[in-house]
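Work through the exercises below with the sequence and the coordinates at hand. Try each task before reading its solution.

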Amino acid sequence: MRSLVNHEYSEVWDSFEKKFSFRPSVNGPFPAIKEPKDSITFLLALDYDGHMIDELRNLIFSTLAECAAEVQEFFYLDWQHECYTLDVKTATDFWINCFPDGDYAILLSKDMRIGTFGHPWEHSICFFGEAFANAIVKQKPAILEKVIRNSGGYYLPETV
């Protein structure tokens, strides 16, 4: 894992903003991105604890390692903060928080086809990339309260 240097930081954010039509705003409109067709977005539980956040983070990283075998690098983008590149298969720095705890939290494959978009003011997280999103739906951690958008048409068991 390493920090993005200035030119990388600008290039990655510019590419992300262009591809996803990123519109940062505290008051909306929501969603703040154009969500991919192969995505599912959950409302996050407002009553959560550290265990629930850890469960989400661990599931995200283990699922990405399985579903994105061909992807070597991911970006971790924390809006207006230091950002990183990492290999999810070998990353040991699990302090990375995909949970949007005050800022947008984005975990994104280098080709921007697979990842997460955590929205702090909508209290939501979007998962995209067909195999990845499908695996999240099947394992649904406790912090994911309910589906608010389902652009991928994923099968949702009664418990979701």
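The exercises go from the sheet to its strands, then to the helices and the cores.

This is a predicted model, in which local features need pLDDT of at least 70 and side-chain atom pairs count only at pLDDT 80 or more, while totals for chains, interfaces and linings use all residues. Residues are numbered from 1 along each chain as its sequence is written, and side-chain values use heavy atoms, with hydrogens and water left out.

**Exercise 1. The sheet**

Give the order of the strands in the open sheet and find the strands at the edges.

Solution. Start with the assignment: helices (H or I, at least four residues) and strands (E, at least two) are DSSP runs, numbered from the N terminus. Two strands pair if DSSP finds at least two bridges between them. On this basis eight strands make up an open sheet, ordered β1-β4-β3-β5-β6-β7-β2-β8, with antiparallel pairing. β1 (2–3) and β8 (144–149) each have a single partner strand and stand at the edges, so one side of each lacks a neighbour in the sheet.

**Exercise 2. Strand β5**

Determine the pairings of β5 and state whether its residues are buried or exposed.

Solution. Take the β3 side to begin with. β3 and β5 are joined by five bridges and run antiparallel; Leu77 has Ile106 in β5 as its bridge partner.

Next take β6 (residues 115–119), which pairs with β5 in the antiparallel sense over four bridges. Here Ile106 stands opposite Phe117, and the bridge partner of Leu107 is Thr116. The two strands form a hairpin with five residues between them, and Met112 in the turn has a positive phi of about 65°.

Last, check burial (buried is under 20% relative accessible area, exposed over 50%, partly exposed in between, with a 1.4 Å probe and protein chains only). Five of the five residues of β5 are buried, so the strand is largely enclosed by the rest of the structure. Ala105, Leu107 and Ser109 lie on one side, Ile106 and Leu108 on the other.

**Exercise 3. Strand β7**

Describe the partners of β7 and the two directions in which its residues point.

Solution. β7 is joined to β6 by five bridges, and the two run antiparallel. His119 stands opposite Ser124 in this pairing. The connection is a hairpin with four residues between the strands; His123 in the turn has a positive phi of about 55°.

β2 is also joined to β7 by five bridges, again antiparallel, with Phe127 as the bridge partner of Ile40.

As to direction, Ser124, Cys126 and Phe128 point one way, Ile125 and Phe127 the other way, and all are buried.

**Exercise 4. The helices**

Place α1 and α2 relative to the sheet, then locate Thr63 and list its contacts.

Solution. Contact means heavy atoms within 4.5 Å. Axes are lines fitted to C-alpha atoms, for helices over the stretch in contact, and angles run from 0 to 180 degrees between N-to-C directions. α1 (residues 6–20) lies across β1, β3, β5, β6 and β7, at about 90° to β3. α2 packs on the sheet, where it touches β3, β4, β5, β6, β7 and β8, and its direction makes about 10° with that of β7.

Now look inside α2. Its buried residues include Met52, Ile53, Leu56 and Ile60. Thr63 is found in this helix and is buried, with a relative accessible area of 2%. Not counting residues up to four places away in sequence, Thr63 touches Ala68, Phe132, Ala135, Ile136 and Gln139. Of these, Phe132, Ala135 and Ile136 are among the buried residues of α3.

**Exercise 5. The cores**

Which residues have the most contacts inside the largest nonpolar core, and which element gives the most to it?

Solution. A nonpolar core is a set of buried Ala, Val, Leu, Ile, Met, Phe, Trp, Tyr and Cys residues joined through side-chain atoms within 4.5 Å. The largest has 33 residues, and Ile60, Leu107, Phe127, Ile143 and Leu144 have the most contacts inside it. The elements giving two or more residues are β2 (39–44), α2 (50–67), β3 (74–78), β4 (84–86), β5 (105–109), β7 (124–128) and α3 (130–139). α2 gives the most, with seven residues.

Another core, of 19 residues, lies apart from the largest one and includes Leu77, Cys83, Ile106 and Phe117.
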